[in-house]
Amino acid sequence: MTRRTLLTLAATVSLQFSLLAENVTISARDREASVVFAEIMRQTDKNFIYDPELLRNMRVSISAHNEPLDKVLKRMLTPIGVNYRIKGRNILLSRQQQPKQSTQYTVSGFVREQGSGEALIGAVVTDTLTRRSAQTNSNGFYTLTIPTGKAVLRTSYPGFEPVITDLGNVHSKIRADIELEMLHTLAEIEVLETRNHLLAMESTHIGTTNLSASAIAATPTLLGESDIIKVLQLEPGVSAGTEGLAGMYVHGGNADENLYMLDNIPLYQINHLGGLFSAFNTEAIKNADFYKSAFPSRYDGRLSSYLDVHTKDGSLSEHHGSFTLGLISGAFNIDGPLKRGRTSYSLALRRSWLDVLSIPALAIAGHFLDDTKPKFGYALTDVNAKINHHFSDRSHAYVMFYWGNDYLRAGAEELPTLYRDYKSLYMSNFNWGNLVASGGWNYVFSPRLYGEFTAAFTRYNSILKYKENEWLYEGDNVIEYNLEQTKDRNGITDWIARSDFEWNASNWQKVTFGASYTHHNFVPSHTSRSIVTPETDFYTERPKRTYTANEVNMYAGDNLSPTANFRADVGAHFSLFSIEGKTFTGFSPRVSARLTVAPGLAVKAAYDHTVQYVHQLVRGTVSLPSDQWVPVTANWRPQTADKISVGIYWSDRRNWTLSAEGFWKQMHNILDYKDNFYLSNISEVWDANITSGSGRARGIDFKAVYNAGPLTLQASYALLWADRKFAEKNGGRPFPSMFDNRHKINLMLNWHINDRWDLNATWTGMSGNRITLSTMNWEDPGVAPWHFDMILPENLNNYRLPFYHRLDIGAVRRTRRGHWTFSLYNAYCNMNVIGVVRSEKRDYDDYVEIAPGVLTTESKPVFKYLRLLPIIPSVSYTWLF
Amino acid sequence: MVILKFNLSVMSKLLFAGFLILLCSMLSGCYTEFDPDINQSPVLCLNSEITAGKPVEARVTRTWRYTEGIMYDDNAILVKDADVRLYVNGNEYERLRPVQRDTVEYGRPYTYHYYQGTYCPQTGDEIRLVAVSDRYGSAEGEVKVPEPPIIENIEWKLDSPTLVHGYPGSNLRCTLDARIYLRDRADTKDYYMFGYSISNPFVYDDPIFYPELEEWITPASYGILSCTYFDQSHEPIFSEHISALELIDGAGFGYTMFSDMQFSGRTYPLHIVMTLEHRMDNADIEELWHSILNFKISALSDSYYNHLLTVWQFDEGLSGMLAEAGLGAPVNGYSNVSTRAGIVVARNVTTVPVDFGEALKEMWQQK
């Protein structure tokens with residue numbers, strides 16, 4: 001007896017009801033067909049007889065109030081291509097017959113949000129008769145090939161009302177643009193498939209996450225500033241690094257092994273305020289794709305992860321915007337049509353006002369220090385702007401601009417007094433940030449071929465200045481002065497030209513291919529210094545060494561789905577990197593596959609090779625503006641990684657999605673500062689300070705998501721081992737990675753309580769970071785100008801900090817004009833340990849005689865944990881217009 | 001207008017709340033004491049600074065756990081019974097003998113224990129020291145005595161004379177602008193350090209009899225030349241080891257080591273700018289004008305240079321700063337000793353004495 005027969009029998013036997021009513025009252029929107037049939041069976045005395053394969057993935061919508069069963073069935077089943085026949089107590093279901101000899105035709109078009117016209121990325125378009133489906137690309141374009149005849153499309157996208165589009169009888173290729181309306185309320189019975197559910201169950205990719213702007217905003221974070229990086233830190237396999245900072249260490253990788261992109265253009269420095277906030281303004285984000293295990297062949301250049309943030313296009317129909325006031329920053333966002341239906345714009349501004357907040361503190365300090373004026377100012381600014389224009393239904397272009405900048409100034413001015421005849425000014429000025437400008441043109445060459453051409457400029461620049469001025473007075477006259485200024489600049493500038501294509505060969509084969517050229521210009525450091533006195537005018541400049549590199553990338557990927565149960569992605573990325581007369585080549589094969597072994601159960605496997613030509617030199621655990629981006633040079637080989645991933649996914653197709661993803665990653669030629677790197681003179685080429693080695697990471701990420709309409713619960717657990725081995729570090733012995741967080745648990749709750757209130761909470765717990773803790777000292781030999789006890793080296797990262805845990809709570813209260821956002825960072829105030837310092841404990845009751853008659857209080861050397869960030873409440877208000 | 005008023009009201013409340021919260025948060029980082037569960041046994045530490053032409057000395061101690069605390073008493077770490085042997089150019093030369101010297105440190109009597117030999121190392125000697133302790137095992141380190149620096153020439157001028165109030169009388173202040181032409185040897189990697197000392201002359205006055213002491217005492221008058229400010233920033237080679245961020249932080253005072261990386265095999269003019277003050281209360285005594293400023297250029301062994309770089313990094317560098325803040329790995333002491341504790345370093349000094357007497361007098365007379 002076959003499995004199918006058994007299931008049919010089971011379905012039949014189970015449908016025994018005593019009610020005889022023939023009228024039905026039911027309301028269902030995009031529900032699984034089996035659920036709706038069960039409700040009809042409950043209300044009538046009928047049983048449904050069908051082949052279970054017929055109902056696989058079938059969803060129906062119906063609204064009826066005390067209507068005859070026959071009418072209800074007709075309305076519900078005809079649009080989805082199902083015939084029915086009522087025979088006695090049984091309702092027999094069968095698929096509508098298709099013409100025996102049919103030719104194929106292509107349906108293509110864009111899926112957009114109704115009203116605004118924003119492209120919906122990843123929307124699923126399904127032909128309800130053949131069950132064939134396609135997903136929209138990053139510009140909302142889809143292509144579907146179906147047989148001649150009747151065609152009814154069902155289009156769905158998370159958070160939007162699914163749409164049924166009856167195309168009638170079609171006998172040639174057709175263009176069908178589809179608009180979806182956003183859902184404003186969630187009925188209790190509704191169960192929505194999420195994009196991430198689809199990614200888990202349908203796509204071939206392992207470790208892929210999609211984040212919408214609303215999901216980012218719904219995660220409580222530090223000081224109320226929603227931040228995509230801090231949301232991603234909650235993903236299993238992603239370590240956050242140092243408390244409170246926007247660091248990301250994916251599957252045992254380093255911080256510079258993640259490629260951050262804004263509309264597919266790289267951003268090199270994504271940190272504001274030492275990493276407290278990221279460069280991505282949530283107000284400007286439409287959604288983002290994050291890949292941590294298996295990577296599309298389109299991406300290469302980093303070893304560990306890829307984050308592509310898509311910015312808002314702007315509404316084509318009406319103007320609207322928001323104005324947010326937070327504790328430390330404000331944001332303004334507006335978008336709308338420049339030419340209705342054709343051209344749209346989007347503008348988002350964000351600026352902190354720490355400099356404003358610091359004014360009273362400086363005034364108070366200045367009041368108490370009447371001859372000294374402290375000076376301090378910090379501000380971060382982000383500007384995102386985008387203009388889209390639709391030339392025709394096939395041609396669309398955009399220009400995008402991003403400018404993000406931090407400035408920090410700190411210093412003091414000392415004024416002449418009765419007791420002092422000089423004036424001085426000490427001032428440090430730091431400026432750092434990104435500038436991105438890009439333009440793109442998308443063209444639908446044919447329903448099967450879609451192309452995108454992009455030209456872009458991206459630059460990271462950091463300028464540090466220190467000024468030390470002194471003036472000596474005699475009366476009112478300056479008799480001496482000393483004006484010193486030191487300036488340093490580092491940066492990286494890229495010019496990029498790229499083309500990307502999608503060719504939908506058939507429903508079961510989609511080919512992506514493209515090529516790009518990047519011209520890099522690196523300035524790791526350029527330092528100058530000037531001193532002006534009455535006697536001297538001195539200027540010195542360190543040799544400015546710049547690097548120019550040319551990079552060419554080509555890729556091709558083939559997405560194959562020969563059967564409904566099996567899908568595979570096969571592709572490769574090829575790259576050339578030319579610098580200092582030497583050309584490196586990289587070949588990155590990518591293979592990933594998904595097999596649906598049973599309804600709701602899928603297994604996946606992937607192999608990925610990645611190549612990285614640029615890296616960032618980082619000292620310590622805090623991101624500094626002086627951290628340099630440098631290229632691989634003739635002395636070093638490019639960093640590469642090989643990664644094997646496997647995953648198993650289960651879904652009850654209603655509320656639960658469970659997944660387990662294992663990975664094994666081997667990294668080669670990775671670069672890091674070598675032991676005692678400061679012994680290499682800084683005037684030497686920077687790469688004298690670094691060493692090359694290997695890394696290894698392996699682990700498992702478990703994730704469970706429960707989604708019941710207004711309530712989403714998510715739990716994850718990650719197990720990780722990550723280590724490194726360098727010839728010139730730790731005596732050549734392997735050592736654990738700094739962020740080898742062995743166990744990591746995340747719990748998350750999002751609850752849409754009612755139309756006025758949302759509640760969200762996250763709890764994170766993980767094994768502490770690893771640090772190098774040296775406990776032994778040796779005697780100062782006394783040959784240096786200043787004397788200190790020396791530290792005896794220990795094995796690198798030999799000590800694990802205590803277990804880290806934190807609860808964040810957030811709430812949103814909607815008002816008539818906008819909404820309030822409340823958040824509580826570290827709600828139970830567990831001040832986590834971020835480091836260890838050598839310190840002293842002074843006991844004022846315990847005197848020691850260090851010489852005859854000379855007493856002092858005893859000072860005892862101790863180790864101390866440095867704990868940071870207590871409970872931090874915050875509130876912000878967003879005014880919508 | 002109403003909306004504007006409303007938003008201004010919200011904004012002012014938020015600003016006030018934000019300021020208070022931020023202030024509280026920034027002040028609330030805290031430290032808690034703990035004792036790490038890492039146990040390491042002490043090992044032998046061997047320190048020795050070899051100077052060409054001076055007898056070899058070495059100090060032998062043991063390593064200690066930081067929390068042990070030896071702030072005011074090093075008896076706990078001294079290894080007085082070690083067997084310390086000196087090898088010169090591969091041959092055992094002698095066994096160093098334990099010596100103690102009474103001195104004063106931190107205002108209290110202090111006995112300095114060390115080991116001393118009789119051999120005075122020469123340029124090019126390969127010196128190896130081996131210390132063995134029954135309790136802490138053995139330690140050994142080796143160094144080669146570098147060639148002395150070649151000073152081709154020195155040019156200097158005194159400028160900007162002013163008379164300033166000093167103690168007990170007035171001082172003649174001026175700026176010294178000197179260029180010391182240092183010739184580097186080709187084909188070798190050389191390390192240097194700049195230093196100076198001042199030798200002040202004195203003349204005996206007539207003896208005075210102190211009846212209460214029943215003793216004749218001969219007082220002396222001193223000519224005192226002092227350097228009140230050594231402006232290192234005029235010589236960029238002193239900051240060649242300092243990164244941009246560290247420069248901006250103003251780090252670097254007191255560290256004058258440098259390498260020949262930028263002038264290997266060539267002559268480099270070291271630019272020295274100092275503010276000098278000459279005491280004028282004995283201006284009528286000719287001999288007291290002639291203080292000697294000794295410019296000392298040392299050639300350093302690579303271990304010496306590395307040690308200085310490490311101490312600088314620990315003291316003023318970014319790595320040291322991050323480590324002190326708990327945000328970076330510790331700056332470990334540089335060691336060329338087998339136990340990774342201690343250093344054996346060598347230097348060879350060339351001294352260039354300069355007598356500013358005539359120039360000072362001339363300047364004084366013109367003023």
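Helices and strands here are DSSP runs, numbered from the N terminus, with a strand taking at least two residues. With that in hand, let's walk through this predicted model.

**Two odd backbone angles**

Start with His251 of chain A, which sits in the loop between strand S17 (249-250) and strand S18 (258-262) of chain A. Its phi comes out near 50°, a positive value in a residue other than glycine. Why flag that? Most residues other than glycine have a negative phi. His251(A) is also tucked away: it counts as buried because 29 C-beta neighbours fall inside 10 Å, and the cut-off for buried is 20 or more.

Cys829(A) tells a similar backbone story, with a positive phi of about 50° although it is not a glycine. This one belongs to the loop between strand S52 (818-825) and strand S53 (832-851) of chain A. Is Cys829(A) buried or exposed? Neither label fits: Cys829(A) has 14 other C-beta atoms within 10 Å, so it is partly exposed. Here are both residues side by side.

| Residue | Phi | C-beta neighbours, 10 Å | Class |
|---|---|---|---|
| His251(A) | near 50° | 29 | buried |
| Cys829(A) | about 50° | 14 | partly exposed |

**A four-stranded sheet in chain A**

Now for some strand pairing. Four strands of chain A form an open sheet in the order S8-S7-S10-S12, and the pairing is antiparallel. Which strands stand at the edges? They are S8 (133-135) and S12 (163-170) of chain A; each has a single partner strand, so one side of each is left without a neighbour in the sheet. On average, neighbouring strands of this sheet are turned by 20° against each other, ignoring direction.

Zooming in on one pair, S7 (residues 124-127) of chain A meets S8(A) in the antiparallel sense through three bridges. Within that pair, Thr126(A) stands opposite Ser133(A) of S8(A).

**Chain A as a whole**

How many helices and strands does chain A have? The count is eight helices and 55 strands. Of the 881 residues in chain A, 44% are buried. As for contacts, take those in chain A between residues at least 6 apart in sequence: 65% of them join residues at least 24 apart.

**Over to chain B**

For chain B, the domain assignment gives two entries: domain 1 covers 44-144, and domain 2 is written as 150-332 + 356-366. Taken over C-alpha atoms, the centres of domain 1 and domain 2 of chain B are separated by 29 Å.

Terms used. Residues numbered from 1 in each chain as written. Chains lettered and ligands numbered in written order. Predicted model: local features only at pLDDT ≥ 70, side-chain atom pairs only at ≥ 80, totals over all residues. Pairing = 2+ DSSP bridges. Axes fitted to C-alpha atoms, helices over the stretch in contact; angles between N-to-C directions. Domains from an automatic or database assignment. Buried ≥ 20, exposed ≤ 12 C-beta atoms within 10 Å, placed from the backbone. Contact = placed C-beta atoms within 7 Å.
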